[in-house]
Amino acid sequence: MVEKVVEKGHTLLAEGPCRISLLDGQVEIFGKSQETKSDVIIPEGKVLPIYALTSSKLDIFSSQGEDSLKIISKNSIPERWIEIKDTL
């Protein structure tokens, strides 16, 4: 188990298999907001971008440990995609 803080405006790229629980803050996964205390399951061979709308604390269970996690300092989803999502 690893606790990670993802700062506002940063993205955690998480590679499966793993389970991620949002302990505090607000995040989006492919434009969908996640509730605090909700779990996200990432299957083996998949990578999900978890974008922090606010500074957020995540609890991560992964057999690969921190090797399967990478934080980048931007949103990995293109701005144009976000604009399209907001119009639908």
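Glu3 stands opposite Asp59 in strand E8, and Glu3 itself has its place in strand E1. Strands here are DSSP runs of type E with at least two residues, helices are runs of H or I with at least four residues, and both are numbered from the N terminus. Leaving aside its neighbours within four places in sequence, Glu3 is in contact (heavy atoms within 4.5 Å) with Leu23, Lys57, Leu58 and Asp59. By contrast, the C-alpha atoms of Glu3 and Pro49 are separated by 17 Å, and these two residues are 46 residues apart along the chain.

Before going on, a word about where the picture comes from. This is a predicted model, in which local features need pLDDT of at least 70, side-chain atom pairs count only at pLDDT 80 or more, and totals for chains, interfaces and linings use all residues. Residues are numbered from 1 along each chain as its sequence is written, and side-chain values use heavy atoms, with hydrogens and water left out.

How sure is the predictor? Its confidence in each residue is the pLDDT, which runs from 0 to 100. The protein chain averages 90, and 100% of the residues score at least 70. Confidence is lowest in helix H1 (residues 79-87), with a mean of 76, and highest in strand E2 (residues 11-15), at 96. Where pLDDT is low, the predicted coordinates should not be read in detail.

Now to the sheets. Strands of a sheet pair through backbone hydrogen bonds, either parallel or antiparallel. Two strands count as paired if DSSP finds at least two bridges between them. The table sets out the two sheets.

| Sheet order | Strands | Pairing |
|---|---|---|
| E1-E8-E3-E6 | 4 strands, open sheet | antiparallel |
| E5-E4-E7-E2-E9 | 5 strands, open sheet | antiparallel |

In the sheet of 4 strands, strand E1 (2-6) and strand E6 (39-42) stand at the edges; each has a single partner strand, so one side of each is left without a neighbour in the sheet. Neighbouring strands of this sheet are turned by 25° against each other on average, direction ignored. These angles use axes that are lines fitted to C-alpha atoms (for helices, over the stretch in contact), and they run from 0 to 180 degrees between N-to-C directions. E1 and strand E8 (residues 56-62) pair in the antiparallel sense over 5 bridges.

Which strands stand at the edges of the other sheet? They are strand E5 (32-34) and strand E9 (69-72), each with a single partner strand, so one side of each is left without a neighbour in the sheet. The twist there averages 30° from one strand to the next. E4 and strand E7 (residues 47-52) pair in the antiparallel sense over 3 bridges, and the bridge partner of Ile29 in E7 is Ile50.

Ile29 and Ile50 also turn up among the residues that line the largest cavity, as do Ile20 and Leu58. Strand E3 (18-24) and strand E4 (27-29) are the elements that give two or more residues to this lining. A cavity is a set of points, on a 1 Å grid over the protein atoms alone, where a 1.4 Å probe fits but cannot get out, and lining residues have an atom within 4 Å of a point.

Two backbone details round off the tour. Most residues other than glycine have a negative phi, and most peptide bonds are trans. Phe30 has a positive phi of about 50° although it is not a glycine, and Phe30 is found in the loop between E4 and E5. The peptide bond from Gly16 to Pro17 is cis, with omega near 5°, and Pro17 is found in the loop between E2 and E3.

Terms used
1 Å grid on protein atoms, 1.4 Å probe; cavity = no way out; pocket = protein on both sides within 12 Å on 5 of 7 lines; lining within 4 Å. pLDDT = per-residue confidence, 0-100.
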